[in-house]
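Subject: Handing over the model

Hi,

Here is the structure I promised to pass on. Have a look at it first, and then read my notes below.

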Amino acid sequence: MYNQKKTSALLKTMSFERFGGTKEELKCAKLIQEELKKIKLDSKLESFPVQMGNIKKAKLEVVAPFKIDIECNAYMCCANTPAKGIEADFYYFEQASEVNVKQAKGKICLVNGYVGMKLYKDFAKAGAIALISFNGNIDFPNGYDLDRREMRKTLAGIKNIPAVNILVKDAMMLIEKNVSKVKLTTIQETTTVKSHNVVCDIKGTEGSDVIVLTAHYDSVRFSKGAYDNATGSVCLYALADYFSKNQPKHTLRFVWCGSEERGLLGSKAYVEKHKKELDDIKLCINIDMIGSTLGKRIAVCTSDMSLVNCIDYLGKVVGFPISAKQDVYSSDSTPFADADIPALSFARITPNGGGDIHHRYDVLEHLSDRYLFEDIDFILEFTKRMANAYIIPVPRVVPQNMKDAIDAYFCREKGEKK
Ligand SMILES: [Zn+2]
């Protein structure tokens, strides 16, 4: 079996903020490597570039009908304003409706919550000159840290504009008090640093087939990322521990991915770097968030239905409640599926209010050893069957409906290049 005590201990030691590209993330990568070394497994670090922003100034001022400064963080790597800032009409861009789009031109706009690719495309096209987003929960005004967000390369590729994030209580004030004019200043220096994947192979006894096992080990800012995704990371460790003592038929490649939270950057970098060797990879098994005290088990398969049925059968055979479906999961399985490798993600998803992610409340206290080990046991059981299969039973194809779903996930238009 695998060592439960060590698995549990690793979960505790790696529960600290480890944002992609920082020295804390690298510290965690080395911690994983040390633990692997203790069970006689060699691993290597594969680096890949990520952008970083050294923010010098971020200032949001209400100019009319009254004057006040609002606490804000500049989006990392967003465009700079001129040194004296930009002043413009303030507009609440509630959604990308045609009316909102028509009214946003030349204005500094507040948008609702998190800015995804879809919203940003319409927002930039509308001719808005700067963006204000917000985070938090109005019912707990002091319960949330002011997020430090990022102008991802995928967004900047559409158009890079100055952007800041504020707290929801301030967003509400801007609307309540009918603010009409604001001034925004964002000055920063953008640099490129390294993030890392930790890669470890356990050679199979036969053939050249490879099964890749992935889990991201980075976290967002202000989050210890115990659930998201120290749990998946230690699951990978437990599996590596087991297979180091029970050699599989097919080669297993363990990849602890960096910078997942910044846009699946680690898994994208892995797929890009190893383009020529991808033919050997027959399946990707990803783990992102397990072991929560409250929750339900899911498996999301970006593959044909055989994998869905296989997990459904196995759950019933061993008495493990899990619902498997065919879809795209927002995690490191997706870049592999995008490279035509059948890929799935295992997770235990928490119900609303039962332990959320991406803030300071993602802590060990919301996790349970009992569920963590039950989850790992099932994932191990499934992996054993694949790793020791006479023939890996999943066809190495990603069907058209899933290809379309991946295109939609990455917001690619028809015919747009990957
Ligand atoms: Zn995650």
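What follows is a quick tour of the metal site, the charged pairs and the aromatic rings.

Some housekeeping before that. This is a predicted model, so to speak of a local feature I need pLDDT of at least 70, and side-chain atom pairs count only at pLDDT 80 or more, while totals for chains, interfaces and linings use all residues. Residues are numbered from 1 along each chain as its sequence is written, and side-chain values use heavy atoms, with hydrogens and water left out.

**The zinc site**

Which residues hold the zinc ion? His216 (NE2), Asp228 (OD) and Asp288 (OD, listed twice) coordinate the zinc ion at 2.0 to 2.6 Å. Donors here are N, O and S atoms within 2.8 Å of the metal (3.2 Å for Na, K and Ca), and sites may look incomplete because water is not among the atoms. Along the chain the donors follow the spacing H-x11-D-x59-D. His216 sits in strand 9 (residues 210-216) and Asp228 in helix 7 (residues 226-245), so this pair ties together parts 12 residues apart in sequence. Helices (H or I, at least four residues) and strands (E, at least two) are DSSP runs, numbered from the N terminus. Both His216 and Asp228 are buried; buried means under 20% relative accessible area, exposed over 50%, and partly exposed in between (1.4 Å probe, protein chains only).

Why is the arrangement around the zinc ion irregular? Because the 4 donor atoms subtend angles of 52 to 144°. For four donors, tetrahedral needs all angles between 85 and 135 degrees; square planar (four) and octahedral (six) need opposite donors over 155 degrees apart and all others between 65 and 115; anything else is irregular.

**Salt bridges**

The whole structure has 24 salt bridges, each being a side-chain nitrogen of Lys or Arg within 4 Å of a carboxyl oxygen of Asp or Glu. Here are a few to look at:

- Arg297 and Glu374 meet at 3.0 Å, N to O. Arg297 is in strand 12 (residues 296-302) and Glu374 in helix 11 (residues 369-387), so the bridge ties together parts 77 residues apart in sequence. Arg297 is buried at 7% relative accessible area, whereas Glu374 is partly exposed at 31%.
- Asp338 and Arg412 have their closest N and O atoms 2.9 Å apart. This pair links helix 10 (residues 333-338) to the segment after helix 12 (400-409), 74 residues apart. Both residues are buried.
- Shared partners join Arg297, Arg370, Glu374 and Asp375 into one salt-bridge network.

**Aromatic rings**

There are 11 aromatic pairs. Rings of Phe, Tyr and Trp (its six-membered ring) pair if their centres lie within 6.5 Å, with planes under 30 degrees apart stacked, over 60 edge-to-face and the rest tilted. Tyr2 and Phe373 are tilted, since their centres are 6.3 Å apart and their planes at 45°. Tyr2 belongs to the segment before helix 1 (4-13) and Phe373 to helix 11, so the pair ties together parts 371 residues apart in sequence. Phe346 and Phe382 are edge-to-face, at 5.5 Å centre to centre and 75° between the planes. Phe346 is buried at 2% relative accessible area, and Phe382 is buried at 0%. Phe320, Phe346, Phe378 and Phe382 form one aromatic cluster.

Lastly, the charged end of Arg221 sits over the ring of Phe19, 4.0 Å from its centre. That label needs NZ of Lys or CZ of Arg within 6 Å of the ring centre and within 35 degrees of the ring normal.

Cheers
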